[in-house]
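Work through the following exercises with the sequence and the structure side by side. Try each task before you read its solution.

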Amino acid sequence: LDNDADPADQATLAAIAEEVFSTMDIMAMLPNPLVTQTVAWCDYNVSLTGISFDRPTVNAYFYEGGIGIDVVIPNFVGTGHIGGEHWTCINDDFSMSADKLLINIGINIGIDPATHLFLISSKGTEVNFENLDINIGWTVDWLLGMLNDTITNVLKGAINDQVDGLINDLQTDVNEAIAEPIDIPIDGFIPGMANMVLYVTVQPEKTDFKAEGGQVDISLGVTADKHIDREYIPGSIGRAACLTGDTEIFTFDTSDPYKINAAVFDDIISQAAFALWYTGGLKIDLTAEAAAEMGLDLSEYGFADLVASINALLPPIVQTCGQENLVIQLGDAYLEVATSNFFGRPLDMHAFLFAELEAEISARNNEDGTQTLLIQILPPNRLDLNIVEINQEWWGEEQTLIDMITGIIPGLISDPFEVDIPAFNLKELGGESIALPNTDLFIDIQQIEQIIGHTVLGANLKVAPGPTEPTEPVTE
């Protein structure tokens, strides 16, 4: 949250808040006129005409139940005007100054156990001025003396209401963002694979905020529209503690944590793989032309005009029992291969394929500051092909075909799958309601490993100036 350990680190909540408050338009937060009050026969309007201050400092921290932000804005200076309509009323400018404007913000974060909605509220923003002085000249000090408390309270109240309003609006914004399943479109990994859409349902479960840090537990569900012709499918198979009978308890290592620490239960990944299968993503039609698009020349293997289809009859299972990488098991994939000329003979083969593959996950740094997740499928641990039907020209040579085809398959998955991790522009995230700086925020993944049935990610944050808007050329 804070950059006390490294003042140069700008990718912290405190550093971002400093940028927000340094460019904050306090004038826009205040009513105009600031105060309207009748003194004797004069109806006075007190208005501010300008405000300036030095760069704020911010301290961010966790507390029991939420996140605290303390803002110190030094050398707060304002100018204004006080005036009444009658000619006998005072009309004059005034100045005000304070050594510091202090804003103490608390954001309570919880989850309703019944509705599973976030509960986000202000702890009660406190606004105070240190040594506030309002001056208009000795002739009317008595008037400002009467209005001093009123002006001070209005200033404090207006800033308090604005900050509390922004915090309280977060609850609606966050809950609306997760109210409906989130669509994730996925292009086919290889030619011949259909494009797909997965739906991720987010259900908050509980929060745990204390001085040492904060943790949010969230349940995820991954679903898809049905595009397979199978019935009576109960769903993906769970990890079940690798059938050991022992209770698995995962906890984060908090001895030297990254800024962001996430653990994704492997059953969620298996559920996503099930959804890919359920929506027809593992029903693949492959031709020699499609293989050539992937850089695989099937003519080397004697396939002249290949037409092949793979239809996974069972959903894949993803697990990490006793392995350092994710293990993907695919059973009963029905394979049909037909070509008019395979080494001088036609081929029409039907077979069942079973495969066990490991997936190694890493992160690649890109030149633009972003990262890309790389999912590299390693050479199969096991690859079995059982031919159930073949044309007469190949009778007796089934094992030769099995060796050839199982030798081709690793080449189809030799390139890693890539998932780009986008940068987030704070100004765009804030929109019109919160004036955030034009800064790009990057997630910098440092740790990816498998721990007790979880894919654990540890990441830091980086910032960089956001894109500048093009300026119109000057024409004479």
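**Exercise 1.** Determine how many residues lie between E4 and E5 in their hairpin, and how the two strands pair.

*Solution.* In this predicted model, begin at the connection, where six residues separate E4 from E5 in a hairpin. Next follow the two strands away from the turn: E4 and strand E5, which covers residues 91-111, pair in the antiparallel sense over 17 bridges. As a check on your reading, find Thr79, which stands opposite Ser95 in E5. The general background is that strands of a sheet pair through backbone hydrogen bonds, either parallel or antiparallel.

**Exercise 2.** Identify the other strands that are joined to E4, and describe the turn between E3 and E4.

*Solution.* Start with strand E2 (residues 42-52), which runs antiparallel to strand E4 (residues 66-84) and is joined to it by eight bridges; here Asn45 stands opposite Gly83 in E4. Then turn to strand E3 (residues 57-63), which also runs antiparallel to E4, with seven bridges between them. The hairpin of E3 and E4 has two residues between the strands, and Gly65 in the turn has a positive phi of about 110 degrees. Tyr63 has Gly66 of E4 as its bridge partner. The side chain of Tyr63 offers a further detail, since Lys123 lies over the face of its ring, at 4.2 Å from the ring centre.

**Exercise 3.** Work out the strand order of the open sheet that contains E12, name its edge strands, and find the helix that packs on it.

*Solution.* The four strands of this open sheet follow the order E12-E23-E22-E21, with antiparallel pairing. The edges are strand E12 (260-265) and strand E21 (424-425), each of which pairs on one side only. Helix H4, residues 266-278, packs on this sheet and touches E12, E22 and strand E23 (454-465), while its direction makes about 60 degrees with that of E12. Returning to E21, you will find that two bridges join it to strand E22 (residues 439-451), the two running antiparallel, and that the partner of Asn425 in E22 is Asp440.

**Exercise 4.** Describe the span of H4 and what follows the helix, and explain why Phe274 and Trp277 both count as buried.

*Solution.* First consider the span: H4 has 13 residues and reaches 18 Å from its first C-alpha to its last, close to the 18 Å expected at 1.5 Å a residue. The helix is followed by Gly280, whose phi is positive, near 90 degrees.

Next consider burial, for which the cut-off is under 20% relative accessible area. Phe274 has a relative accessible area of 10% and therefore counts as buried, and Trp277, with 3%, is therefore buried as well. Other buried residues of H4 include Asp266, Ile268 and Leu276.

Finally, look at how the two rings are placed. Phe274 and Trp277 lie three residues apart in helix H4, about one turn of the helix. An α-helix has 3.6 residues a turn, so residues three or four places apart point the same way. Across the whole structure, a search finds seven aromatic pairs. Phe274 and Trp277 form one that is tilted, with 5.5 Å centre to centre and 55 degrees between the planes. Ring pairs also bring in Tyr278, linking Phe274, Trp277 and Tyr278 into a cluster.

Methods:
Residues numbered from 1 in each chain as written. Predicted model: local features only at pLDDT ≥ 70, side-chain atom pairs only at ≥ 80, totals over all residues. Heavy atoms only, no water. Pairing = 2+ DSSP bridges. Contact = heavy atoms within 4.5 Å. Axes fitted to C-alpha atoms, helices over the stretch in contact; angles between N-to-C directions. Phe/Tyr/Trp six-rings, centres within 6.5 Å; stacked < 30°, edge-to-face > 60°. Buried < 20%, exposed > 50% of the residue type's maximum accessible area, 1.4 Å probe, protein only. Lys NZ or Arg CZ within 6 Å of the ring centre and 35° of its normal. Expected span 1.5 Å × (residues − 1).
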